[in-house]
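Here is a colleague's note, written to be read with the coordinates open on the screen.

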Amino acid sequence: MTKLTWLSHGGWMIEKNNHRLLIDPFLTDNPTALTSADQLKDIDHILISHGHFDHVADAASIANENNATIIAIHEIAEWFANTQSVQSTVGMNIGGQLELSWVSVKMTPALHSSQLPDGSYGGEPAGFVVTIDGTRIYFACDTALFSDMKLYADNVDIAVLPIGDLFTMGIEDSITATRLIQAKKVLPAHYGTWPPIAQDANHWADRIRNETDAEPVVLAVGESIDF
Ligand code: NI
Ligand code: MN
């Protein structure tokens with residue numbers, strides 16, 4: 001059994017047996033988070049999509065506490081190693097795939113920006129397609145709608161799309177994206193954290209149900225789906 005948990009905002013945890021992978025953990029100074037960074041134990045890997053504070057804030061402390069490996073685009077992996085004293089990092093780049101013992105990770109493009117909190121260059125923003133036992137999960141991460149999504153995430157089992165608008169695509173474009181990639185299940189992310197990205201997730205779910213072939217799955221913070 002594999003489990004996908006929403007940590008709030010763009011943060012996710014995938015668990016299988018004794019393996020745990022995080023994506024963009026953001027807990028400190030996050031008004032909607034229910035767990036603190038030091039409550040996350042036995043983390044093996046942390047994927048970072050881009051350099052913005054709401055995606056990198058807690059990664060170094062979690063990595064150092066758990067001897068976890070940070071996986072990110074080359075520039076961000078180097079930044080964690082050189083400025084945040086992270087012992088284990090793997091740099092990759094868009095279009096590349098990384099095989100880990102229990103999961104494979106492909107880095108996909110994202111249409112966004114990616115400066116690190118200290119002003120360092122963070123390379124290009126990214127998303128991920130994570131494959132576990134044949135189940136493909138597309139984490140679009142912070143991005144606008146773009147048609148090449150179809151090339152990377154066609155027919156995925158689960159798509160995690162931002163719906164908050166303002167900094168990423170909003171509800172309207174998430175519906176277009178869901179139709180474009182023909183995802184089987186779709187989960188909303190990157191909304192509700194602060195007033196500028198507030199959204200009605202039930203309204204979003206109704207629209208997904210009525211306007212696409214996908215099944216919407218709205219998780220509360222801390223809630224999981226099994227697959
Ligand atoms: Ni961002
Ligand atoms: Mn963000």
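The points below deal with the metal sites, then the sheet, then one helix and some backbone details.

1. On the status of the model: this is a predicted model, and every distance, angle and accessibility quoted below should be read as a value computed from it.

2. The nickel ion (ligand 1) takes its protein donors from His50 (NE2), His52 (ND1), His112 (NE2) and Asp142 (OD), which lie 2.2 to 2.3 Å from the metal. Along the chain these donors follow the spacing H-x1-H-x59-H-x29-D. The four donor atoms subtend angles of 89 to 178° around the nickel ion (ligand 1), and the arrangement is therefore irregular. For comparison, the ideal angle for four tetrahedral donors is 109.5 degrees.

3. The manganese ion (ligand 2) is held by Asp54 (OD), His55 (NE2), Asp142 (OD) and His190 (NE2), with distances of 2.1 to 2.2 Å. The spacing of these donors along the chain reads D-H-x86-D-x47-H. As for their surroundings, Asp54 is buried, with a relative accessible area of 7%, and His55 is buried as well, at 0% relative accessibility.

4. The two sites should be considered together, since Asp142 bridges the nickel ion (ligand 1) and the manganese ion (ligand 2), which are 3.1 Å apart. Among the nickel donors, His52 is placed in the loop between β4 and α1, whereas His112 belongs to the loop between β8 (104-109) and β9, so this pair ties together parts that are 60 residues apart in sequence. His112 counts as partly exposed, at 24% relative accessibility.

5. Turning to the sheet, seven strands form an open sheet of mixed pairing, in the order β7-β8-β9-β10-β11-β12-β13. The edges are β7 (97-99) and β13 (215-216), each of which has a single partner strand, so that one side of each is left without a neighbour in the sheet. Strands of a sheet pair through backbone hydrogen bonds, in either a parallel or an antiparallel sense.

6. At the β7 end, β7 and β8 form a hairpin with four residues between them, and three bridges join these antiparallel strands, with Leu98 having Val105 in β8 as its bridge partner. The strand β8 pairs in the antiparallel sense with β9 over six bridges, where Pro109 has Ala126 in β9 as its bridge partner. Five of the six residues of β8 are buried, so this strand is largely enclosed by the rest of the structure.

7. Further along the sheet, β9 (residues 126-132) and β10 (residues 135-139) are antiparallel and pair over five bridges, and Val130 has Ile137 in β10 as its bridge partner. Helix α5 (residues 171-181) packs on the sheet, touching β10, β11 (158-162) and β12 (185-189), and its direction makes about 155° with that of β11. The strands β11 and β12 run parallel and are joined by five bridges, with Val160 standing opposite Leu187 in β12. Four of the five residues of β12 are buried, and the strand is mostly covered.

8. Which residues of helix α2 (residues 59-66) are buried? They are Ala59, Ala60, Ile62, Ala63 and Asn66. Seen down the axis of α2, these buried residues fall within an arc of 165°, so they line one face of the helix. The elements that cover the buried residues of α2 include β3 (19-23), β4 (45-47), α1 (53-56), β5 (69-73) and α3 (74-83). The helix α2 is followed by Asn67, whose phi is positive, near 50°.

9. Two further backbone positions may be worth a look in the viewer. Most residues other than glycine have a negative phi. Ser85, which is not a glycine, has a positive phi near 55°; Ser85 lies in the loop between α3 and β6 (89-92) and is partly exposed, with a relative accessible area of 48%. Leu166 likewise has a positive phi, of about 65°, although it is not a glycine; Leu166 is found in the loop between β11 and α5 and counts as exposed, at 57% relative accessibility.

Definitions and conventions
Residues are numbered from 1 along each chain as its sequence is written. Chains are lettered from A and ligands numbered from 1 in the order in which they are written. This is a predicted model: local features need pLDDT of at least 70, side-chain atom pairs count only at pLDDT 80 or more; totals for chains, interfaces and linings use all residues. Side-chain values use heavy atoms; hydrogens and water are left out. Donors are N, O and S atoms within 2.8 Å of the metal (3.2 Å for Na, K and Ca); water is not among the atoms, so sites may look incomplete. Buried means under 20% relative accessible area, exposed over 50%, partly exposed in between (1.4 Å probe, protein chains only). Two strands pair if DSSP finds at least two bridges between them. Helices (H or I, at least four residues) and strands (E, at least two) are DSSP runs, numbered from the N terminus. Contact means heavy atoms within 4.5 Å. Axes are lines fitted to C-alpha atoms, for helices over the stretch in contact, and angles run from 0 to 180 degrees between N-to-C directions. The arc is that of the directions from the helix axis to the C-beta atoms. Four donors count as tetrahedral if all angles lie between 85 and 135 degrees; four count as square planar and six as octahedral if opposite donors are over 155 degrees apart and all others between 65 and 115; anything else is irregular.
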